[in-house]
Structures are given as C-alpha cells and as structure tokens.
Amino acid sequence: MIRLAVIVASTRHGRFGPTVAAWLTAKARRRADLEIDLVDLAETRLPQDLTDPDEPLPPRVAALAPRLAAADAFAVVTPEYNRSFPAPLKTAIDWYYEEWRAKPVAFVGYGRESGGHHAISQLRQVFTELDAVGIREAVTLPCYWELFAADGTWPKATATCNAELNHMLERLSWWAHTLREARLVTAQP
C-alpha cells in the first residue's frame, strides 16, 4: 500500500478546496494500492511564525509531522490566488523538510482561466528545493464552476478532469513505489 497524504491548501471561508479533495480522495480510494490521509490546513492551524531550528516545534507542527513523515506520496489541492498558491500552504511546506524528502508530489489546481497552472508551476520549484519530486502529470481546473452538472454534482461525469485524475494517480503511484524502494536502499548500511 502507498500512503497518500492529500493536502487541502486553502483555508478561506467558503473555499472550494474540500470539494476538489473529496473528488480526488473518492477516486483514489477506488484504487487498491492507495491508503488516504486527508490533511486540511484549515484544521491543522499551523502557526505562521517559524521557530529557529534549535527551538522545540509548536504542538500543532509536531502533531502533523508524523502524518507527513508516514506518507509515501502527496497530492496538493490548491487554488490559485494572484498567480500563486495560498500563504498557509507555503507556511506548511516551510515547517518541514525531511517529511517531503525523496517523495513524489502531485498537484490539483483550480482557479479562473489558468486553472491553477501558475500556482502549480511555483509549487514545483518549491518542492524541488526540498528534494521532493513534483510529478509531471497534474490536474488543472480552469473555471471549475462550469464543471457542475445540472443536479449539482461536481464534476460532470463527462468532464475530462476525471480521466486526467486517474492518469495522475497512476503516475503518482508509480513514482511512490519507485522512490520508496530507493529510500529503503539508501537507508540500509
């Protein structure tokens, strides 16, 4: 089993992130090889002020660390605000280092016409600096509000994002297996 941490980046009131994360996790749970841990940054309430490396971690930061460390892969669900990703996500990323290292990260972005492309592009750079692997396959949801079906379900069954998500999960699983094996080999004496 691959342990996949799905991270909901938006903490705004009235946010759409939980809807996207619910869709992603429902698809992921249909796969026999994935075990899901949903990490909602609105619930973790990580402090904004980072401590010095020699100071103890605040309790909320310490509580999330084992969940991230246990993950074999990450899927970040992020909106795009002003051509970037939300500040609480950057704070969450910056609190940790080893927890991200040598693990694959997939991205599901949503927003206006860009669908989160700008946010994802910046996140790839940030995660590369942390020695994580941003996989090429991503799902972008431009004008996501247009993907509602007449009965209110999201996304429409015919939306191309459904196939894109399945493909992304397939590639994320491959990377997670590959990098987990590599971490085990390099950890041996």
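## Exercises on a predicted model

α2 (41-44) and α4 (87-95) each supply at least two residues of the lining of the largest pocket; helices are DSSP runs of H or I of at least four residues, strands are runs of E of at least two, and both are numbered from the N terminus. The model is predicted, so local features need pLDDT of at least 70 and side-chain atom pairs count only at pLDDT 80 or more, whereas totals for chains, interfaces and linings use all residues. Residues are numbered from 1 along each chain as its sequence is written, and side-chain values use heavy atoms, with hydrogens and water left out.

**Exercise 1.** Describe the space in the largest pocket and the residues that line it.

*Solution.* Begin with the term: on a 1 Å grid over the protein atoms alone, a pocket is an open set of points where a 1.4 Å probe fits, with protein on both sides within 12 Å along at least five of seven lines, and lining residues have an atom within 4 Å of a point. The space in the largest pocket is about 250 Å³. Its lining has 13 residues, of which Thr11, Leu41, Arg45, Leu46 and Pro88 are the closest to the centre. By class, the lining divides into 5 nonpolar, 5 polar and 3 charged residues.

**Exercise 2.** Compare the expected span of helix α6 with the distance between its end C-alpha atoms.

*Solution.* The expected span is 1.5 Å times one less than the number of residues. For the 27 residues of α6 (residues 161-187) this gives 39 Å, and the end C-alpha atoms are 37 Å apart, which agrees. Next, consider burial, where buried means under 20% relative accessible area, exposed over 50%, and partly exposed in between (1.4 Å probe, protein chains only). Among the buried residues of α6 are Cys161, Leu165, Met168 and Leu172. What covers the buried residues of α6 includes β1 (2-8), α1 (17-29) and β3 (73-79).

**Exercise 3.** Which parts of the chain does the salt bridge between Asp40 and Arg15 tie together?

*Solution.* A salt bridge places a side-chain nitrogen of Lys or Arg within 4 Å of a carboxyl oxygen of Asp or Glu, and the whole structure has 12 of them. In the pair of Asp40 and Arg15, the closest N and O atoms are 2.7 Å apart. Asp40 lies in strand β2 and Arg15 in the loop between β1 and α1, so the pair ties together parts that are 25 residues apart in sequence. Asp40 counts as buried at 8% relative accessibility, whereas Arg15, at 23%, counts as partly exposed.

Methods. Contact = heavy atoms within 4.5 Å. Points joined across faces, edges and corners; volume = space filled by probe spheres on them. Nonpolar A, V, L, I, M, F, W, Y, C, P; charged D, E, K, R; others polar.
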